[in-house]
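Colleague: I've just opened this one and don't know my way around yet. Could you walk me through it?

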Amino acid sequence: MNHWLVKSPFKTRNWQHVLFAGTFNLYGIRNYQAKNNISKMKKGDLAQYYHSPSSKSLYGIMKVCTSPYKDTTTNSDTWLSIDFEPIKTFEQPITLHKVKAEKKLQNIRLIRQPRVSVIPLTKKEFEII
């Protein structure tokens, strides 16, 4: 099983929206590194949901529930979408400030590559968060 951090680029689709909908469809990603990471995702992988537009916080854990598929928001075959289902909400959101303050997370890609929407996490990083 792989572990991921997925940033929601949507201002109007926060964690409460994901919980209400029962699913989160990640689409519209136009970064090759993020696309390559999406292509490595498998059903059952775990991902942490990070809402970046406003709160810059992690809210919960999702499970990959589909294989990657062509992003229908473009005519290009290059870009991918993927679906997740929420499985756990954190008791308190975990802010970017808290992540940066944790010494064991200093090399996490969320800090080193802040513009990438889909990043891999080690199992240890996933558990520390």
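Here are a few questions and answers about this predicted model.

Colleague: Which element of the chain has the lowest mean pLDDT?

Modeller: Some background on confidence helps here. The chain as a whole has a mean pLDDT of 94, and 100% of its residues reach 70 or more. Among the elements, strand β5 (residues 69-70) has the highest mean, 98. The lowest, at 89, belongs to helix α4 (residues 109-112).

Colleague: Which strand gives the largest share of the largest nonpolar core?

Modeller: That core has 36 residues, and those with the most contacts inside it are Val6, Phe24, Leu26 and Phe84. Val6 itself touches Phe24, Leu26 and Phe84, and its other contacts include Met41 and Tyr49. The largest share of the core is five residues, and they come from strand β6 (residues 80-95).

Colleague: Is serine 52 buried or exposed?

Modeller: Serine 52 sits in the loop between β3 and β4. Leaving out residues up to four places away in sequence, Ser52 touches Lys7 and Ser8, and its side chain reaches the backbone oxygen of serine 8 at 3.2 Å. Its relative accessibility is 19%, and the cut-off is under 20%, so serine 52 counts as buried.

Colleague: And what is the relative accessible area of lysine 56?

Modeller: Lysine 56 is found in the loop between β3 (46-51) and β4 (57-64). Its phi is near 50°, a positive value in a residue other than glycine. Lysine 56 is partly exposed, with a relative accessible area of 40%.

Note on methods
Residues are numbered from 1 along each chain as its sequence is written. This is a predicted model: local features need pLDDT of at least 70, side-chain atom pairs count only at pLDDT 80 or more; totals for chains, interfaces and linings use all residues. Side-chain values use heavy atoms; hydrogens and water are left out. A nonpolar core is a set of buried Ala, Val, Leu, Ile, Met, Phe, Trp, Tyr and Cys residues joined through side-chain atoms within 4.5 Å. Buried means under 20% relative accessible area, exposed over 50%, partly exposed in between (1.4 Å probe, protein chains only). Helices (H or I, at least four residues) and strands (E, at least two) are DSSP runs, numbered from the N terminus. Contact means heavy atoms within 4.5 Å. pLDDT is the predictor's confidence in each residue, from 0 to 100. A polar contact is a pair of N or O atoms within 3.5 Å; within protein, one must be able to donate a hydrogen and the other to accept it, and residues adjacent in sequence count only if both atoms are side-chain atoms.
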